[in-house]
Amino acid sequence: TAVKVKKICCIGAGYVGGPTCAVIALKCPHIQVTIVDLNQTRVDAWNSLDYKLPIYEPGLEDVVRQARGRNLFFSTDVDKGILEADLIFVSVNTPTKKTGVGAGFAADLNYVELATRRIAAVATSSKIVVEKSTVPCRTAESMRTILEANSKPNARFDILSNPEFLAEGTAIDDLFRPDRVLIGSLQTPEGVDACASLAEVYANWVPRERILTVGLWSSELSKLAANAMLAQRISSINALSAICEATGANIDEVAHAIGYDSRVGPKFLKASVGFGGSCFQKDILNLVYLSESLHLSEIAAYWRQVVEMNEYQKRRFAKKVVDTLFNTITNKRITVLGFAFKADTGDTRESASISLVRDFLSEKAFVNIYDPKVEEAQIWQDLSEAVPGTPLEIIKKSVTICNDALSACTNAEAIVVATEWKEFRDIDWQVVYDSMNKPAFVFDGRMLLDAQKLKEIGFNVTVVGRGG
Ligand code: NAD
Ligand code: UGA
């Protein structure tokens with residue numbers, strides 16, 4: 001019979017573990033939820049008295065305020081968390097491998113393995129272990145082998161896959177009202193019972209018909225597949241945006257027309273400077289690696305093209321800026337508005353802005369950067385990683401990080417909108433125009449601004465996916 005879960009431990013207090021388990025605590029006051037992490041600074045931030053949480057997510061602070069100290073706890077005591085829990089989420093990072101076999105493609109499973117080994121070493125009673133991290137297909141099997149080879153007597157482990165589909169910037173909404181919760185288990189009596197225990201937790205606020213239960217391998221693969229299909233939609237629309245620019249068609253109109261077909265649907269069809277974020281590229285490359293290792297090279301090439309298209313879109317946009325500014329931006333000042341990979345997040349992982357700034361710097365331009373949520377230190381770190389071999393002091397001679405949009409735009413030759421922050425729409429563009437060198441150029445990589453109004457002010461406006 002299914003165990004009734006009373007204590008949950010989540011290993012990994014990051015973008016996924018933090019919000020996901022905070023919401024579980026909020027919605028299940030009868031369950032004690034402890035989120036553990038090795039990173040003391042992160043845990044301290046989650047516990048900070050003034051709620052300076054380590055990640056910015058609309059609505060998150062409110063959830064933490066309600067649950068923290070009641071049935072939600074953050075700690076660096078990983079072992080205690082493991083010992084006490086009936087159910088353990090493994091929500092650690094799974095970045096792309098940088099060296100060794102599969103470098104640049106395969107997922108680095110070192111953190112998952114370390115967390116799994118810790119569970120085996122510490123647990124003195126049976127546990128349900130849940131893969132929350134995004135992992136390659138059949139990782140649960142490796143976890144089971146490790147757990148069983150190292151377990152103490154009386155400790156049985158059931159392994160579930162429960163991938164997370166939240167998007168950053170809307171994480172709390174996505175968790176409150178998920179399209180679906182996916183749980184994969186072995187189809188053994190024990191596996192099915194473990195699956196029922198976890199389903200029971202979600203059923204506290206998610207309608208039963210949205211809780212999908214499938215086999216372990218389907219669940220693991222569905223996560224990679226979902227991200228690959230979403231990213232493929234963006235690469236498809238971005239590929240069409242290039243045709244629009246060359247023909248005079250308008251990508252917004254084309255997307256609208258395509259999306260009206262109920263089989264396609266209207267969402268996630270916005271042309272852009274290219275997708276970013278920690279997962280799309282990583283998960284597709286992971287799928288490419290999986291395909292290669294199964295000797296399915298055509299399949300690997302198909303998915304790899306989604307990432308290559310995205311790289312092309314970023315380069316293409318940067319080149320458009322250079323071409324439009326009379327083929328040189330040397331010593332010109334370019335303002336980049338937005339550094340996060342999308343609006344409503346402070347996350348910059350794989351942000352298109354990083355590639356744009358790198359390309360502008362390689363053309364010897366000066367770059368001003370403003371983002372309402374990204375920390376200055378983060379921008380410097382991203383840029384020093386993007387331009388390896390160049391000391392930060394040299395980069396700092398060409399880049400200025402600004403505290404507001406207006407000062408970032410003053411004296412610039414061109415403004416590039418890279419993130420769709422709403423506040424950029426509300427800038428006093430007349431004031432900006434008056435402060436700029438002429439002709440004043442705007443490049444809207446997010447179809448965010450009122451191009452007609454800007455043209456009336458006198459700007460030379462280029463919008464992604466819009467022909468002249
Ligand atoms: P993250 O880097 O923000 O957080 C991971 C945390 O795990 C870090 O704080 C790290 O210190 C901690 N950690 C690593 N090893 C540990 C160990 N052995 N013991 C204790 N703590 C340990 O990562 P994230 O963005 O939360 O992503 C986690 C997983 O979820 C990844 O597999 C990712 O692909 C997946 N995912 C992410 C998102 C997203 O929007 N970011 C969405 C869905 C799925
Ligand atoms: C994405 C998925 O949407 C989530 O379902 C998934 O859980 C998550 O990856 C993950 O596995 O990490 P996320 O990367 O947070 O979520 O954000 P998205 O809203 O998907 O945006 C990704 C990128 O695509 C952003 O740079 C965004 O600006 C871009 N995008 C999105 C477009 O260019 N056009 C669109 O129409 C939509």
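Which domains does the domain assignment of the chain give? The structure is a predicted model, and the assignment divides the chain into domain 1 (7-206) and domain 2 (280-463). The contact between the two takes 13 residues from domain 1 and 14 residues from domain 2. On the side of domain 1 that touches domain 2, eight residues are nonpolar, four are polar and one is charged. The centres of the domains, taken over C-alpha atoms, are separated by 34 Å.

Two nonpolar cores were examined. The largest has 74 residues, and those with the most contacts inside this core are I334, V336, L337, L356, V367 and V416. Helix α11 (residues 280-293) supplies the largest share of this core, with seven residues. When residues up to four places away in sequence are left out, L356 touches V273, K314, F317, A318, V336, V416 and A418. A second, separate core comprises 59 residues, among them V23, I82, A140 and A194. In soluble globular proteins, nonpolar side chains tend to be buried together.

Ligand 1 is surrounded by 27 residues, of which G12, G14, Y15, S133 and T134 come nearest. By class, the shell around ligand 1 holds 13 nonpolar, ten polar and four charged residues. The largest share of this shell, three residues, comes from helix α5. G12, one of the residues nearest to ligand 1, also has a relation to N39: the two are 27 residues apart along the chain, and their C-alpha atoms are separated by 8.9 Å. N39 is placed in the loop between β2 (32-36) and α2 (40-46). N39 counts as partly exposed because it has 13 C-beta neighbours inside 10 Å, a number between the limits of 12 or fewer for exposed and 20 or more for buried.

Helix α5 (residues 110-122) has 13 residues, and at 1.5 Å a residue these should span 18 Å. The end C-alpha atoms of α5 are 18 Å apart, so the model agrees with the expected span. Within α5, the buried residues are V112, A115, T116, R118, I119 and A120. Their cover includes β1 (7-11), α4 (78-84), β4 (87-90), β5 (127-131) and α6 (139-150).

Ligand 2 has 20 residues around it, with K270, S272, F275, G277 and C279 the closest. Eleven residues of this shell are nonpolar, five are polar and four are charged. Helix α9 (residues 216-247) gives the most to the shell around ligand 2, with three residues. Both domains contribute as well, since at least three residues of the shell are drawn from each of domain 1 (7-206) and domain 2 (280-463).

Several backbone features were found in loops. Most residues other than glycine have a negative phi, and most peptide bonds are trans. H295 has a positive phi, near 60 degrees, and is not glycine. H295 lies in the loop between α11 and α12 (297-324). N327 likewise has a positive phi, near 65 degrees, and its place is in the loop between α12 and β9 (333-337). H295 is exposed because 8 other C-beta atoms lie within 10 Å, and 12 or fewer is the limit for that class. For N327 the number of other C-beta atoms within 10 Å is 8, and therefore N327 is exposed. The peptide bond from K438 to P439 is cis, with omega near -5 degrees. P439 lies in the loop between α17 (429-435) and β13 (441-444).

A further loop residue, G346, lies between β9 and α13 (352-362). G346 has 18 other C-beta atoms within 10 Å and is therefore partly exposed, buried residues having 20 or more. Leaving out residues up to four places away in sequence, G346 touches Y56, A340, K373, V374 and E375. G346 and D371 are 25 residues apart in sequence, and the distance between them, C-alpha to C-alpha, is 8.6 Å.

Technical notes:
Residues numbered from 1 in each chain as written. Chains lettered and ligands numbered in written order. Predicted model: local features only at pLDDT ≥ 70, side-chain atom pairs only at ≥ 80, totals over all residues. Near = placed C-beta within 6 Å. Helix = DSSP H or I, 4+ residues; strand = E, 2+ residues; numbered from the N terminus. Nonpolar A, V, L, I, M, F, W, Y, C, P; charged D, E, K, R; others polar. Domains from an automatic or database assignment. Contact = placed C-beta atoms within 7 Å. Expected span 1.5 Å × (residues − 1). Core = buried A, V, L, I, M, F, W, Y, C linked by C-beta atoms within 7 Å.
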